[in-house]
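Reader: I'm new to this one. Can you walk me through it?
Author: Sure, here it is.

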Amino acid sequence: MSTQTTRILYCHCAYAKVVAPEVKTAVLHGLAHAEVEFDAVPDLCEMAARADPRLRELASEGSLRVAACYPRAVKWLFASAGAPLPEQHVRVWNMRVEPAHTVVEGLTAATVDDDRAALEERGL
Amino acid sequence: MTLAIPRRSQVVLRGGDGTGLSAGDRAALAQSLLERGIEVSCRSAEGVTTVDMATLPAATPAAAWKPWFPVIDYSLCTNCMQCLSFCLFDVYGVSADRKIQVQNQSNCKTDCPACSRVCPAVAIMFPKYRHGPINGDEVKADDIRREAMKVDISALLGGDVYSMLRDRSAKAKSRFSKERDDDRALTERQNCLIALKKDLDVPAEVLAALPSPEEIMAKAEAARLRALAATRAVDPDAKV
């Protein structure tokens, strides 16, 4: 497991059955096998309803990769909780429609790319 | 791997070489915690796993409130206040700067997307809804056209929902006074509810829980006045 500058956020959508369980399981396993650091939350909707301060933390910590549902929904869920996402630093993979391997590849590949870019920015 | 619980609802899994916990086990543990409503952070520091599942809540989030509430896409919202004047459960309100807001999420009726059906701008999402664009899928030109047709409740139900209910209430009163035909009244009500269920995808439980037509009218009028007041603050000639 390596320390990284890009944060990965996984939403388990635990309160509904709109994301296929096998996709959620495969994405979690994929992240664990990829040895990347990540944060996993039971349900972003539930956090947004509570205006959980964690959403503000996540939105303000620079580059963020999210495995959840439709990007438009994720964007406005964060906004509804007073935690607008900086669009240029956020990418969302949709587990409702994208296969698990695409989600995992996107999350981890992007992390590697972003870390490389961050290092280059620092002249390292 | 070590377990740290900085607050009751979060577990930090620290991993690395020699932790004794495989990636598969780590994923399974994370999944089990998430299904108990507990946040999980996987971090890189090494340690020893000490997760005592017996100390964690056994209840799954399914036992709790399903987070079902409208989410407004403000890039599409025109602040027309139709949602505010339509919703009977006070889910919507207006901010100090006269902007429509979702203020009482927990008032929203689970699985009822009706307000999103009446939004002429397709700006209201329910992320856990089955179909797009209400679930947050991209809004296409066809969606706007289709929703606009559905929004035309006048065409759909012979007037807006509340005027339809008002008319039915008046007719029912008139009929009851002449006939007192309870069976026919029940059939009428059922037909009305079936139409609402079909056209707005309102769950039967929500319809069954609706207040009386008189109460609906009173609530609708109050909501309409709130919407009108909010809109007139911006545009004195506005109609809601």
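Reader: How do H1(A) and H1(B) lie to each other?
Author: H1(A) and H1(B) are oblique to each other, because their angle falls outside under 35 degrees (roughly parallel), over 145 (roughly antiparallel) and 65 to 115 (roughly perpendicular). Their axes cross at roughly 135° and come within 8 Å. Axes are lines fitted to C-alpha atoms over the stretch in contact, with angles from 0 to 180 degrees between N-to-C directions. H1 spans residues 21-33 in chain A and 23-34 in chain B. Helices are DSSP runs of H or I with at least four residues, strands E runs of at least two, numbered from the N terminus.

Reader: Can I trust it? And the numbering?
Author: This is a predicted model: local features need pLDDT of at least 70, side-chain atom pairs count only at pLDDT 80 or more, and totals for chains, interfaces and linings use all residues. Residues are numbered from 1 along each chain as its sequence is written, while chains are lettered from A and ligands numbered from 1 in the order written.

Reader: How many residues of chain B are in contact with chain A?
Author: 35 residues of chain B, with 30 of chain A. Contact means C-beta atoms, placed from the backbone, within 7 Å.

Reader: Which element of chain B gives the most?
Author: H1(B), with 7 residues.

Reader: Now strands. In which sense do S2 of chain A and S3(B) pair?
Author: Antiparallel, over 3 bridges. Pairing takes at least two bridges found by DSSP.

Reader: What stands opposite A:Asp39?
Author: B:Ser41, in S3(B).

Terms used. Contact = placed C-beta atoms within 7 Å.
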